[in-house]
Amino acid sequence: MAETVHTPTAILDCATASLREHPFDDISYRALGDAVGVSERTVYRHFPTRSHLLEALGQRLEETEFPLGAFVTIPEFIDAAKARFRAFDEAPAFAFVCARAASLSPTGQPEPTFFTRTILAMLETAHPSLNTRDLHRVAAALRYFAAAQFWARMRSGFDMDALEISEVFERTVMQALDDLPTGTHDVKARRR
């Protein structure tokens, strides 16, 4: 029995492969349709605008090419983000697509992602007396600084590599957490 092909996945697979040879803006819906064996109209049905395609492609690349390592504590989070900065340096074309996709207004569901929920849980554990508003504010900051957008900004704006970006990232995270009430000593222990 023939295996069924999930058309949106096949389209994103082709778009990912095309990124190895062309910038995102040069990838046409017609070429994607031809490569998958569907009409251009079918590609538009799944991804009505280039923003939809870019957002889906960015999410797919984040999951497949740049998965963030598991973390529970703040030091583990910092180490996971640094590893991902190194991965961004090794595949900059993919990383810039992730950064560009993240800069779009979301076209999908605005529900918190697993990544956001994990950061919130980490902060609630490390800073149990933090109020909800500050918890979400700090989580949003940590999420941004660990993302491809931050890497892309440091890389293109300041010509930094992953090591330099990691140093800026760690200093920024520590500064953001510095004045927060602590429930554990993992942040201070890292400084020793």
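**Exercise 1.** In this predicted model, is Glu 40 buried, partly exposed or exposed, and which residue does Glu 40 form a salt bridge with?

*Solution.* Start with the accessibility. Glu 40 has a relative accessible area of 30%. Buried would need under 20% and exposed over 50%, so Glu 40 ends up as partly exposed. Next, look for the partner: that's Arg 30, with the closest N and O atoms 3.5 Å apart. That fits the cut-off of within 4 Å. Now place the two: Glu 40 sits in helix H3 (residues 40-46) and Arg 30 in helix H2 (residues 29-36), ten residues apart. Arg 30 itself counts as exposed, at 53% relative accessibility.

**Exercise 2.** Find the salt-bridge partner of Arg 60 and work out which parts the pair ties together.

*Solution.* The partner is Asp 13, and the closest N and O atoms are 2.2 Å apart. Arg 60 belongs to helix H4 (residues 50-64) and Asp 13 to helix H1 (residues 7-19), so this pair ties together parts 47 residues apart in sequence. Then check exposure: Arg 60 comes out partly exposed at 22%, and Asp 13 is partly exposed too, at 37%.

**Exercise 3.** Which residues are linked with Arg 133 in a network of salt bridges?

*Solution.* Begin with one pair: Arg 133 bridges to Asp 134, with 3.6 Å between the closest N and O atoms. Arg 133 is exposed, at 65%, whereas Asp 134 counts as buried, at 17%. Now add Arg 137, and you've got the network: Arg 133, Asp 134 and Arg 137.

**Exercise 4.** How many salt bridges does a search of the whole structure find?

*Solution.* Eight, among them Arg 60 with Asp 13.

Definitions and conventions:
Residues numbered from 1 in each chain as written. Predicted model: local features only at pLDDT ≥ 70, side-chain atom pairs only at ≥ 80, totals over all residues. Heavy atoms only, no water. Salt bridge = Lys/Arg side-chain N within 4 Å of Asp/Glu carboxyl O. Helix = DSSP H or I, 4+ residues; strand = E, 2+ residues; numbered from the N terminus. Buried < 20%, exposed > 50% of the residue type's maximum accessible area, 1.4 Å probe, protein only.
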